[in-house]
Amino acid sequence: MCRRLQLDVPRSEPVPPYRCPPEAYIVYGAGTPDANGVYASTGVEAHGTAIFRHVAVKSGLLARERCGDRLGWLVGAGRRPLYGVRTEAERCPQRGWRTFRGDAPAPAVEGFPSLEEACLRLAQVWQEEGELLESQGSMRRSAEVYRSALGLPALPRPRAAELHALRARAFRQLAEGKTAAPGADLERDPLQGLAAERAIEEAEKALKLDAKCFLAGWEGAAAARQASEATPPGPAHRAQREAAGALFLRLAEEEQREKAARLLEVQQAKLQRRPAADPAERRWAAAVAAQLNEALKVEDFRRPHHQLWKLVSPRKKSLDSDAVFGEIRLLVWQKWSPVAAQHGYRTAEDVAARRGMCERIAEVANTGGAPEVAALVSEMENRVCLEWSEVAEATSQVRHDDTWAWARRQDGSWGTPWGGGMSRRQPA
C-alpha cells in the first residue's frame, strides 16, 4: 500500500488589494487662505514619499519632513511651516493637524489617485461653503468662493458651467439686496450696483460651456430683468440683456423638446414589448389606481399641495427643494394610507410597503396592455407633481463620473484601480 507523501510547502499569503499612491491632495478649511487648494505630485521624493506642490501658489508645498527624531507632514508656503501633523504614516493623514505659523483653524487634508478627482472633490467642498455663505447673506464672499473653485484645473465643462451658474446666482441675489435676515445690519456692498451685469456675464460663460445648463439660463434671465428695472436700458448693456433673454427662451424650448423626445422613446419601447397583462392583476391595479386618484381630488389635499408647490423654483437650493418634496410626499400618503390598508399594504409607517404597492401598479402600467392604468398613473403624477418612481420615497442620483479612469482589470472587469465607480464585466 502506497502512502502519499506529505510535503511541507509553505503557503503563500493572500495578496492585499492594490492601492494606488495618491497623485494629489486637497487642503481646505485652513485659516490661511493661500494654504487651501490642490497639491499635485512633483515626482520628487523626500523621506520615502512624493513632494506635492500647490497648483496655484507655486511656493506652497505639502511634504513629509523630519522633526528631530520623528517624521511628520507639513503644509508650508514661502519656506514657512504653516500647519503640521506628527505621524509615521507614509500617507498624509486627513485629521489631527496643528497650527504652526498659519492662522487658525487647522485644515483638513484628503488624498486622491488623480488630479481630476481631487479638483472635483475640492469644487464640491467650496460649492457647499458658497451655498452656506449665501444662506447667511454674504453674497460677495460666496461669489469669491465660487471664483476660487473655477480656478481649479481639470474641471469638466459641465461642472465649470454649474459653478458659473452658481456665481451668477450669488451676483443676482446681491443685486436684489438680499440679507441673512430682515433688519440685518449689513453694509451695502459697493459692487451691488453692477451685480446684475456680473450675473449676466457669469450666466453667459456657463452657457458657452454647457448649452443645457438651465440654472444659468434662469439666472441670466432674472438678472436681465433686474438690470432693466434698476437702470435705463442703455446701448452698453442692452445687447447683454437681449442675449440672456434669448438664451433663456432657447433653453426652455430645448427642455420641452427633450422631454417630448424622451416621452416618445418610452412610449415606443412600451409598444415594442407589450406583453399580455394578467387579467386579475390588471383589474386590481385599475381599481387601486382609481381609488388613489380619487383620494387626491379632495380640497384638503389640493389646497395645501398648491401652497407647497409654490415654494419650488429653480433658484432654490437642492436641500430646500428636497424638504418641500418631502412635505408633498407626506401629504400624499396621508390620503393614500387608508386606501392602501384596504388592500393589505400598511403604508402609514412602512416605506417598503409603499414601494411594493407602487411597483406593483407600475408593472401593470408598463406592460402596455393596460392603458387605463397607465393613464391613471400619469394623472396622479400630474396631480402630485412627482414622478411615480419617487412617490414612495426620494431617490438619490450620482453626480460624479469616474469613467475617465476605467481600465481593464486582471479578472476581465472594467473599473478604476482604486475600486471606485461601477465595474462592468466584458468578454475577454
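Two strands count as paired here if DSSP finds at least two bridges between them. Keep that in mind as we walk through this predicted model, starting with a pair of strands that clears the bar: β1 (residues 24-28) and β8 (residues 108-112) run antiparallel to each other and share five bridges.

Let's zoom in on that pairing. Ala-24 in β1 has Phe-112 of β8 as its bridge partner, and Val-27 stands opposite Val-109 in β8. β1 has another partner as well: with strand β2 (residues 37-46) it pairs in the antiparallel sense over four bridges. Look at Ile-26 and you'll find Val-38 as its bridge partner in β2.

How covered is β1? Five of its five residues are buried. In a regular strand the side chains alternate between the two faces of the sheet. For β1, one side carries Ala-24, Ile-26 and Tyr-28, the other Tyr-25 and Val-27, and all of these are buried, so both faces are covered. β8 is mostly covered too, with four of its five residues buried. Tyr-25 also turns up in another setting: ring pairs link this residue with Phe-52 and Trp-73 into a cluster.

Just before β8 comes a stop worth making at Ala-106, which is found in the loop between β7 (98-99) and β8. Its relative accessibility is 28%, so Ala-106 counts as partly exposed. Now follow the chain back to Ala-30: the two residues are 76 apart in sequence, yet their C-alpha atoms are 5.1 Å apart in space. If you set aside neighbours within four places in sequence, Ala-106 is in contact with Gly-29, Ala-30, Tyr-83, Trp-97, Arg-98 and Thr-99.

Next, the helices. Two packed helices are described by the angle between their axes and the distance between the axes. For α1 (residues 115-135) and α2 (residues 139-150), the axes come within 8 Å and cross at roughly 170°. Angles over 145 degrees count as roughly antiparallel, which is why α1 is described as roughly antiparallel to α2. Which residues of α1 and α2 meet? On the α1 side they are Ala-123, Trp-126, Gln-127, Glu-129, Gly-130, Glu-131, Leu-133 and Glu-134, while α2 brings Met-139, Arg-141, Ser-142, Val-145, Tyr-146, Ser-148 and Ala-149. Sorted by class, the contact of α1 with α2 has seven nonpolar, four polar and four charged residues.

Further along, Lys-212 lies in the loop between α4 (195-209) and α5 (214-230). With a relative accessibility of 47%, Lys-212 counts as partly exposed. Its C-alpha atom is separated by 8.9 Å from that of Pro-158, 54 residues away along the chain.

On to the aromatic rings. A pair of them is described by the distance of the centres and the angle of the planes. The structure holds five such pairs. One of them joins Trp-284 and Tyr-345, with ring centres 6.3 Å apart and planes at 50°, so this pair is tilted. Trp-284 sits in helix α7 (residues 279-295) and Tyr-345 in the loop between α9 (318-342) and α10 (351-366), so the pair ties together parts that are 61 residues apart in sequence. Are these two residues buried or exposed? Trp-284 is buried, at a relative accessible area of 15%, and Tyr-345 counts as buried at 16% relative accessibility.

Trp-336 and Trp-388 form another tilted pair, with 5.9 Å from centre to centre and 50° between the planes. Here Trp-336 lies in helix α9 and Trp-388 in the loop between α11 (371-384) and β9 (407-408), so the pair ties together parts 52 residues apart in sequence. Both Trp-336 and Trp-388 are buried.

Finally, step back to the whole chain. Its secondary structure comes to eleven helices and eleven strands. Of the 428 residues, 38% count as buried. And if you take the contacts between residues at least 6 apart in sequence, 53% of them join residues at least 24 apart.

Key. Residues are numbered from 1 along each chain as its sequence is written. This is a predicted model: local features need pLDDT of at least 70, side-chain atom pairs count only at pLDDT 80 or more; totals for chains, interfaces and linings use all residues. Side-chain values use heavy atoms; hydrogens and water are left out. Axes are lines fitted to C-alpha atoms, for helices over the stretch in contact, and angles run from 0 to 180 degrees between N-to-C directions. Helices (H or I, at least four residues) and strands (E, at least two) are DSSP runs, numbered from the N terminus. Angles under 35 degrees count as roughly parallel, over 145 as roughly antiparallel, 65 to 115 as roughly perpendicular and the rest as oblique. Contact means heavy atoms within 4.5 Å. Ala, Val, Leu, Ile, Met, Phe, Trp, Tyr, Cys and Pro count as nonpolar, Asp, Glu, Lys and Arg as charged, and the others, Gly among them, as polar. Buried means under 20% relative accessible area, exposed over 50%, partly exposed in between (1.4 Å probe, protein chains only). Rings of Phe, Tyr and Trp (its six-membered ring) pair if their centres lie within 6.5 Å; planes under 30 degrees apart count as stacked, over 60 as edge-to-face and the rest as tilted.
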